[in-house]
Amino acid sequence: MDKRRIARSATGAAVTALALGALQGASAAGADGETKEGGGAPAALEPAKVCIGTQPEGRLPSWGPKGSRPDDTPLYRVLAYIDRMGKAHPGIFTGFSVDDANGAANVYRVPGKEAEKFDADICGAAEKGVTVRLYDTEVTETELKELVDRIGGDMDRWKGTFMIWTVGMNAHSVVMGVSDPEKAEPVLREAYGEETMRHIKIERSGQPTLL
């Protein structure tokens, strides 16, 4: 049985991999550390804007039952709002990640007039004490999903030179797990072009196995 699968990420999802048909990995939000990685991270490592919520606690609806943790907490209620706003702005939204340790949400979107309203809506809705960091990107979540589909169709294309074992999304780029990054990088750069490779992070990966 072929153990390689394409990871279909949800809004703002961290990198996931499907092995033997079972979803393995993070769910709605990734670690803050991903904002500091190269190979697809936004050009500016510093956020374009930072705001701190001022709205009363409990103002926003939660992802889960009242009182549940972490779904019904100020930070995760803000994340749920960001998720809804992202779906309403597919032309600029890239994704989001969570920094639990610092009570912060990292939001990635394409700058411009629409983003100014998007930013204002999120900052205006954020509950008291929640930090929202807004990062500039050059690609939308829709475009990243299309790139995941394109790479998924090429998973056997370079068999014999290197193997693509996983492909998925983090909050702002596509992440590929390959058997030999040194061999893969120049081949993929030639196949996809410099502009596309700006949004791809290549990592070394072994063949996925069932946990």
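Here is a chat between a biologist and a modeller about this predicted model.

Biologist: Let's start wide. How many helices and strands are in the chain?

Modeller: The chain has 211 residues, and buried ones make up 51% of them. Of the contacts between residues at least 6 apart in sequence, 65% join residues at least 24 apart. As for the elements, the count is five helices and 10 strands.

Biologist: What is the strand order in the open sheet of four strands?

Modeller: The pairing in this sheet is mixed. β4 and β5 stand at the edges with a single partner strand each, so one side of each has no neighbour in the sheet. On average, neighbouring strands are turned by 20° against each other, direction ignored. The order is β4-β7-β6-β5.

Biologist: Which residue in β7 is the bridge partner of A104?

Modeller: A104 belongs to β6, the strand covering residues 104-109. β6 pairs with β7 (residues 131-136) in the parallel sense, over six bridges. The partner of A104 in β7 is T131.

Biologist: And which residue stands opposite A104 on the β5 side?

Modeller: β5 and β6 run antiparallel, joined by six bridges. They form a hairpin with four residues between the strands. Opposite A104 stands D99.

Biologist: Which residue in that hairpin takes a positive phi?

Modeller: Most residues other than glycine have a negative phi. In the hairpin of β5 and β6, the positive value is near 60°. The residue that takes it is G103.

Biologist: Back to the edge strand β5: how many of its seven residues are buried?

Modeller: Buried here means under 20% relative accessible area. β5 spans residues 93-99, and it is largely enclosed by the rest of the structure because the buried residues number seven of the seven.

Biologist: Which strands does helix α1 touch when it packs on the sheet?

Modeller: α1 covers residues 74-88. Its direction makes about 170° with that of β5. The strands it touches are β5, β6 and β7.

Biologist: What about α2, which strands does that helix touch?

Modeller: α2 runs over residues 113-125 and also packs on the sheet. Its direction makes about 165° with that of β6. The strands touched by α2 are β4, β5, β6 and β7.

Biologist: Are α1 and α2 roughly parallel or antiparallel to each other?

Modeller: Their axes are 10 Å apart, and the packing angle is about 160°. The crossing of α1 past α2 is right-handed. Y81, I82, M85 and G86 in α1 meet F118, D121, I122 and A125 in α2. Angles over 145 degrees count as roughly antiparallel, so the two helices are roughly antiparallel.

Biologist: How many of the 15 residues of α1 are buried?

Modeller: The helix is mostly covered, and β5, β6, α2 and β7 are among what covers its buried residues. Those residues include L75, Y76, V78 and L79, along with R77 and D83. The count is 11 of 15.

Biologist: How far apart are the end C-alpha atoms of α1?

Modeller: At 1.5 Å a residue, its 15 residues should span 21 Å. The model agrees with that expectation, because the end C-alpha atoms are separated by 21 Å.

Biologist: Zoom in on L79: what is its relative accessible area?

Modeller: L79 sits in helix α1. Beyond its neighbours within four places in sequence, it is in contact with W63, F96, S97, V98 and A105. Its C-alpha lies 9.1 Å from that of A126, 47 residues away in sequence. L79 is buried, with a relative accessible area of 0%.

Biologist: Is A48 buried or partly exposed?

Modeller: A48 is in the loop between β3 (22-25) and β4. Setting aside neighbours within four places in sequence, A48 contacts R109, L134, Y135 and D136. The C-alpha atoms of A48 and D136 are 6.3 Å apart, with those positions 88 residues apart along the chain. At a relative accessible area of 43%, A48 is partly exposed.

Biologist: Last one: which two residues does the cis peptide bond join?

Modeller: Most peptide bonds are trans. This one has an omega of about 5°, and P70 is found in the loop between β4 (49-52) and α1. The residues joined are R69 and P70.

Methods:
Residues are numbered from 1 along each chain as its sequence is written. This is a predicted model: local features need pLDDT of at least 70, side-chain atom pairs count only at pLDDT 80 or more; totals for chains, interfaces and linings use all residues. Side-chain values use heavy atoms; hydrogens and water are left out. Buried means under 20% relative accessible area, exposed over 50%, partly exposed in between (1.4 Å probe, protein chains only). Two strands pair if DSSP finds at least two bridges between them. Axes are lines fitted to C-alpha atoms, for helices over the stretch in contact, and angles run from 0 to 180 degrees between N-to-C directions. Contact means heavy atoms within 4.5 Å. The expected span of a helix is 1.5 Å times one less than its number of residues. Angles under 35 degrees count as roughly parallel, over 145 as roughly antiparallel, 65 to 115 as roughly perpendicular and the rest as oblique. A crossing is left-handed if the near helix is turned anticlockwise from the far one by less than a right angle, and right-handed if clockwise.
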